[in-house]
Amino acid sequence: MLKGLHLSLLVGPALPVPVPKAVMDALQTVQVTSAAGTRSGFQISFALQNQSPLHSLLLLAGGSVPWLRVMILVTINSLPMVMMDGLITKQEVSGSNEPGQSTLTITGEDLSVAMDQQEFNGLPYPAMPAPARVALIIAKYALFGLVPLVIPPLFNDVPVPVDKIPTHEGTDLAYVQQLAKDAGYVFYVEPGPLPGMNTAYWGPEIKLGVPQPALNLGMDAHSNVEALSFSVDNTKASLPIVFIQNALSKLPIPLPIPDISLANPPLGALPPLPKSIHLMKETAKLSPMAALSKGLAAAAGSADVVTATGSVDVLRYGHILKARQLVGVRGAGAAFDGLYYVKTVSSSFKPGEFKQSFTLTRNGLISTVPRVPA
């Protein structure tokens, strides 16, 4: 069994391959950021010398091929995990008069950046509901290992060709994100679970699942976080009101939307009271189910008034904390113990060191579960 922490770096035009040992020896830092609601990204720094293979592998090759793909794998105690599978978007060289002190920094984003380059305005989609359009668009990027995971809405609107034919607007990424926004959904690309494979998720933001191992605070030898702080912002809580147009009278009917749904269960026993009303007038143009879905998404976002920020040493924690999943917190007191949704994770790797900073959110105080997985 392979013990400890091991980093693997793969680079290539379409199918990345392991980099030479000289490149790994020049590696200084690796940073990977993943967050709900935004595109994931990475930044890698190398020590650069005149005869270094980095000149041909990353600088020259990056300018001669359309996309240079980078895959970052981390293995902890024989368990591999794909931290990032993305494309290089920027390269910087910081020169120095001292030999061996120059630095090459490459910056990139996840594979969704390839979907945001070319506009396809006017491309028709006759009689195709939104999920079918999304799956068709993602299929164009199978070369990058994108596998669509499309969750259809409860009720689909199938456009009748004699009435309306939907057409593509903007880039593939912009159009897919707009379809997700109209349905109250999210869209993101998640690397893995196998190297070279990526999941393109289009569906509701789900705050369910098996929690990750607990983050322990103030528990002596069992503590596994370096820092953890909490804040409560009650001004964020608002009550969304959607408008559904009556088919006969054409009058909009206001409908308040609660902040709890099947995909967004209460993680706090004491929910926040709405401090304001959010009138979503644009929903009057949508179908009733699309308006309700958009209202539920807005209600879920405004209810997350509890925020926790902190950092963890992965070697001590024993696991890699992942965004867009649940995690337990212990030792923070009755008000803040319990389950949280991992909003953002920023991972920083140096030789012999692997740390993560994170942001957690929750829609209330006091845990809804008697205990969390250790």
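**Exercise 1. Which ring does the charged end of R362 sit over, and how far is it from the ring's centre?**

Solution. Keep in mind that this is a predicted model.
- Start from the charge: the end of the R362 side chain sits over the ring of Y340.
- Then take the distance, which is 4.4 Å to the centre of that ring.
- Now look at the company Y340 keeps: together with F230 and F336, Y340 makes up one aromatic cluster.
- For another case of a charge over a ring, go to K207, which lies over the face of Y341 at 5.0 Å from the ring centre.

**Exercise 2. Work out the strand order of the open sheet that contains β8, β9 and β10, and say which strands are at its edges.**

Solution. Take the pairings one by one.
- Strand β8 covers residues 146-150 and pairs with β10 in the parallel sense, over 5 bridges.
- To check the register on this side, find P148 opposite A200 and V147 opposite T199.
- Strand β9, residues 186-191, is joined to β10 by 6 bridges, and these two run antiparallel.
- On this side the register can be read from E190, which stands opposite T199.
- Put that together and you get an open sheet of 3 strands in the order β8-β10-β9, with mixed pairing.
- β8 and β9 each pair on one side only, and that makes them the edge strands.
- From one strand to the next, the twist averages 20°.

**Exercise 3. Find the helices that lie against this sheet, and give their directions.**

Solution. There are two to look at here.
- Helix α3, residues 130-139, packs on the sheet and touches β8, β9 and β10.
- Compare directions: that of α3 makes about 175° with that of β8.
- Helix α4, residues 172-183, lies across β9 and β10.
- Its direction runs at about 125° to β9.

**Exercise 4. Is strand β10 largely enclosed or largely open?**

Solution. Count, then check both sides.
- Strand β10 spans residues 198-203, and 6 of the 6 are buried.
- N198, A200 and W202 point one way, while T199, Y201 and G203 point the other way, and all are buried.
- With 6 of 6 buried, β10 is therefore largely enclosed by the rest of the structure.

**Exercise 5. Describe the connection between β9 and β10.**

Solution. Follow the chain out of β9.
- The two strands form a hairpin, with 6 residues between them.
- In the turn, stop at G192: its phi is positive, at about 90°.

**Exercise 6. Classify two aromatic pairs that involve β10.**

Solution. Searching the whole structure turns up 6 aromatic pairs.
- Take Y185 and W202: their ring centres are 5.0 Å apart and their planes meet at 70°, so this pair is edge-to-face.
- Y185 sits in the loop between α4 and β9 and W202 in strand β10, so the pair links distant parts of the chain, 17 residues apart.
- Both partners count as buried, Y185 at 13% relative accessibility and W202 at 0%.
- Next, Y188 and Y201: the centres are 5.3 Å apart and the planes are at 35°, so call this pair tilted.
- Y188 belongs to strand β9 and Y201 to strand β10, so the pair ties together parts 13 residues apart in sequence.
- Y201 counts as buried too, at 7% relative accessibility.

Key. Residues are numbered from 1 along each chain as its sequence is written. This is a predicted model: local features need pLDDT of at least 70, side-chain atom pairs count only at pLDDT 80 or more; totals for chains, interfaces and linings use all residues. Side-chain values use heavy atoms; hydrogens and water are left out. Buried means under 20% relative accessible area, exposed over 50%, partly exposed in between (1.4 Å probe, protein chains only). Helices (H or I, at least four residues) and strands (E, at least two) are DSSP runs, numbered from the N terminus. Two strands pair if DSSP finds at least two bridges between them. Axes are lines fitted to C-alpha atoms, for helices over the stretch in contact, and angles run from 0 to 180 degrees between N-to-C directions. Contact means heavy atoms within 4.5 Å. Rings of Phe, Tyr and Trp (its six-membered ring) pair if their centres lie within 6.5 Å; planes under 30 degrees apart count as stacked, over 60 as edge-to-face and the rest as tilted. A charge sits over a ring if NZ of Lys or CZ of Arg is within 6 Å of the ring centre and within 35 degrees of the ring normal.
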